[in-house]
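Okay, thanks everyone, I'll keep this short. Have a look at the model on the screen, and then I'll walk you through it.

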Amino acid sequence: MPMLSILLLIPFAGALALVLWPGQLAPGRLRAVALVVLGLQLAWSLMVLARFDPSSSAMQLQESLPWVSGLGLEYRLGVDGLSMPLVLINAALTLVSAICTRDISQRPRLYFALVLLISGAVNGAFLAENLLLFFLFYELELIPLWALISIWGGANRSYAATKFLIFTAVSGMLILGAFLGLALATGTVDFSLTPVSSERLAMGTQLFLLGALLIGFGIKVPLFPFHNWLPDAHTQASTPVSVLLAGVLLKLGTYGLLRFCLGLFPEAWAQLAPGLAIWAAVSVLFGSLAAIAQKDMKRMVAYSSVGHMGYILLAAAAATPVAILGAVFQMVSHGLISALLFLLVGIVYRKTGTRDLTVLHGLLNPERGLPFTGTLMILGVMASAGMPGMAGFISEFMVFRGSISAYPLATLLSMLGSGLTAVYFLLLVNRAFFGRLAITPVTDPVTHGRLDVQLAPVAPRETIPATGLAMAVVAIGLLPAGLGRLSESTSTAIAQLPALVSALQLASGPLLGLQAGGLG
Amino acid sequence: MSAPSLSLPIQLVWMIPLYGFSGMLLSLPWAAGWFKRNGPRPAAYLNLLVTLLAVIHGSWILQQVWQLGPQHLEFAWFQAADLNLRIGFDLSLTNLAALELVTGLSLLGQVYALGYLDKEWSLARFYALVGFFEGALAGVVLSSSLFMSYFLLEMLTLSTYLLVGFWYAQPLVVTAARDAFLTKRVGDVLLLMGMVALSAWAGSMEFQDLYVWAAEADASGALTPLAGTLLGLGLIAGPMGKCAQFPMHLWLDEAMEGPNPASILRNSVVVTAGALVLMKVMPLLRFSPLATSVLLVVGTISAVGGALVAIAQVDIKRAFSYSTTSYLGLVFIAIALQQPAIALLLLFAHGLSKALLFMSVGSIIATTNCQDLTELGGLGSRMPATTSAYLVGSAGLLGLLPLGCFWCFGLLVDTFAHQQPFFAAVCLLTNALTAFNLTRVYRHVFLGQAMPKTKRAPEVNWLMALPMVSLTVLVALMPALMARLDPVPGIASFSLPVAIAVVSSGLLGVAGGAVAPLHKFWSRSLVQPLRVLQDLLASDFYTDRIYRATIVAAVAGLARLSDWLDTRVVNGLVNGIGRLSLASADGLKLGVSGQLQSYLLTVVLAIVLLLASLQWLQWLHG
């Protein structure tokens, strides 16, 4: 049975069905359909997980079908320890994002169809084993997301959406350019995931192509200084879209770093790695410092993403088995934690009408405030700050542990960034959740002194998705062995890639041998 | 690994931290307000029950270890590539004694809290937090690996933050909780750096393996001096934060804004746990003479400075929290000078005595609703149990009467007198200053005329009195306990002149405190130089202002700079480019929105480019 194609088919068919279904459908009915489709997708992802053999580092459950063979475009899917957790995260978080989409009145049919389309495209990108196929899915996810921001976004949505579009379009062009350049330089239209050795391609060309890919994926991740689109996109996007964007779509960038930058050009990567480690540290520190200065809760969480994605670049630069595994962990845990934080910020925004940290005070108030949301928020920010017992800690620990021997300075600076995370998130909790309940700026003493603030209570069903995510964050933090087993052999294989390629080259063995070795 | 011959209680040692954590989970339904009918008391009872189980289980293990000798148990937790993280328990007499201290004081503190927080609406939340706190503490004292110690120390940081922030609606509590978390977090991040480096170098995280590695690395010179020094500084930073040592002492005094039962535990067992971790990393400091010197300097400043600052406080809880900093400074000195046995005794004696003092203080606060020394007075005749608790606690803390700390001071002074007379003098000075402080507070609170707030001051209810009186008896019997803990060479193995020196320093302090002028209204001296000194001490050498002017200002400045860079420079650049491209797209506008079209155009162009180049490629090779 084509396990992986069905994983693509479910959301795409769902999206098509939603669009083509005749007659008027109530928004609630549309949401129910989307939930069923996404539930099916999650179930099927778990089926794939059951079929997945974690002891092997090779691509599994492969499917291939020649598509446009003249172009080297081949429909070729496979899953390994790097993509498996991401596919699961995608299924889970898209479901969460659909669950937390409630009162949608404006064009609900299109909305849910786009969400399904994104989820399918992301699945495709994670599973694609052909560069062009990856690119197609990578681009396919862009337009729906752009539409989600520009139609259902906040007041300044067209600016944010356009910015997002320009940045990611440039990212796509760079990636496509690099892929084509690779074909051009090697003179073959083979777009498979075979690592390039310096015997086959001069180092200068490799570095050039890798540079294009790095910037391309660096925009998507995002890394400083290409992160500029992210805070605006997040602040203007609605909560479910932010969950998707932070939880799933940013992972396309980090996945690209590991799979295509490191995976295609292991030798050039090893040459650039010291610089990349410094870049990672700069990105971490910049994201964390900029987050401290933010007054909008959502912007703060967005900048924290810039910081936390930097760890993944650090780990990829070090490219030791522990670091790469840490990177996979960090992708999963950042996906869960940032989704959790955006959900909670969304609840606060819905109940108070603002996300301004200078206006919100004392939300933890037991009867009139948002005590349960506040409790989850404390849990979420602590997880993000790397508190042991939650997913963030073990991920960061592995990233740092795997990187410190190779790049001590960059690693120590990144740890400093981890300390800064505690600073800004503590400020968030202290300002917005501690103190006396008030939804007014302190500078306005008359209204600030009012004692009769009463927020609408949060219904239990509103916090169910957040509670589920919080439980997952704690579960991974306490029992990381499951995820570790899932990804260990693949991450070890990725880490050995640079050495493997150089060794093979010395022996001038057949390049085909690589196919068995790692990613091919 | 757990040998099959080990008895069941020892094999089940992993349950000990879980008692506390399960207490937290059991309290959740009441803390979250799901069960409202019978009030939050059941959560407290459940917590008391699991803590009692922890005490019983711990004593059982202690009794068995007493017969079998130290045991070590390990369980696999997470393994990947060359990373192997295990959960390990070191069941030595020292660790188990510390466990008894932790669980025992936690039990007493929880009974006490039942009385102290009688009318607190969120009692269940308090107990949930205390359960979390106790679980982490119990794990830290038993842990046999640096990783697990760090793991639990951080959890302790979190629970301290939440306990200090218990009454989160008050502005002072908010800043106190923030400072408690951030100060400790600074220490923790530095400790994390040290730990990560050690993990990469040594592989294993078990303390025993680390000692072996350190000996080998030291012999082979595998570590550069710089790396060794940084490692040492990182490792001591965590315990420094936990033990509220200078310059990370700020949080403990602010933490006094939290509920008193938590202060009891914080001033006795949390600091003890921090010091125990320091003791365990001590053999790893052999690469770093600087770290040892830092420990000595920090210990000395904390001991003397803390004792001085304590004297200038008018808040009764703060007066004693600074004294905790001061005593832990002595512990740091003892550890740095390779006297772990004395350090342990001092931790034990200080922990119990300080807990008793804080119970007494809690009784005063609960009865009078007042923490200001200048508004208290004449309680001695009104609250006999509280007064005796205060007196016995003070005696246990001082080198004057033959209770707990007297013997510790004797041992310390005797050990240091010949080689390091300076530190012997520091001990005596600390003793004298503490005696001064305790006497001063005693005069303020218990002697003199009754004040408006102390006129009607009945003794506290039995829920508070019971643990307080039990602990009073325990502190009175402390020398016997200490003699059992440390039979060789005996707690009295110091010379008579040393004993005389200790007693006279204590007497001097008491006499000073007894004759020093105490004004209720002119508590701030009118003599200018004295007033400056008093202000300096009362505001803790202006440490918070120094922080605000340096680190806080630096981080805030960098944050503003980053933000400026982002919004002005990067964003400005992007907007400029964006305007250009949009302007060119304007011409292509056909329908409602030009942006969609421009995007479609880009995509079409890209695809055309793709096809063309591929065709060209094929043609090239075809």
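Quick bit of vocabulary to start: when I say helix or strand, I mean a DSSP run, H or I over at least four residues for a helix, E over at least two for a strand, numbered from the N terminus. And keep in mind that this is a predicted model.

So, chain A. By that count, chain A has 20 helices and 4 strands. How compact is chain A for its 520 residues? Its radius of gyration comes out at 22 Å, and the globule rule gives 24 Å for that length, so chain A is as compact as a globular protein of 520 residues. If you lay the C-alpha trace of chain A along its principal axes, the span is about 80 × 60 × 40 Å. Of those 520 residues, 65% count as buried. And if you take the contacts in chain A with a separation of 6 or more, 80% of them are between residues 24 or more positions apart.

Let me zoom in on one helix pair in there. In chain A, helix 4, residues 108-127, and helix 10, residues 239-264, have axes that come within 11 Å and cross at roughly 25°. The cut-off for roughly parallel is under 35 degrees, and therefore helix 4 of chain A and helix 10 of chain A are roughly parallel to each other. Their crossing is left-handed. Which residues meet there? From helix 4 of chain A you've got I118(A), V122(A), A125(A) and F126(A), and across from them, in helix 10 of chain A, sit L244(A), V248(A), L249(A), L252(A) and Y255(A). By class, that contact is 9 nonpolar residues, with no polar and no charged ones.

Now over to chain B. Here we have 23 helices and 2 strands. The C-alpha atoms of chain B fill a box of roughly 100 × 60 × 60 Å along the principal axes. Chain B has 622 residues, and 53% of them count as buried. For contacts in chain B with a separation of 6 or more, 81% come from residues 24 or more positions apart.

Last bit: where the two chains touch. The contact takes 54 residues from chain A and 50 from chain B. On the chain B side, strand 1, helix 6, helix 7, helix 22 and helix 23 each supply at least two residues. Helix 7 of chain B gives the largest share of that side, 14 residues. Split by class, the side of chain B that touches chain A has 31 nonpolar, 12 polar and 7 charged residues.

Key:
Residues numbered from 1 in each chain as written. Chains lettered and ligands numbered in written order. Predicted model: local features only at pLDDT ≥ 70, side-chain atom pairs only at ≥ 80, totals over all residues. Contact = placed C-beta atoms within 7 Å. Nonpolar A, V, L, I, M, F, W, Y, C, P; charged D, E, K, R; others polar. Axes fitted to C-alpha atoms, helices over the stretch in contact; angles between N-to-C directions. Parallel < 35°, antiparallel > 145°, perpendicular 65-115°, else oblique. Left-handed = near helix turned anticlockwise from the far one by under 90°. Buried ≥ 20, exposed ≤ 12 C-beta atoms within 10 Å, placed from the backbone. Rg over C-alpha atoms; globule rule 2.2 N^0.38 Å.
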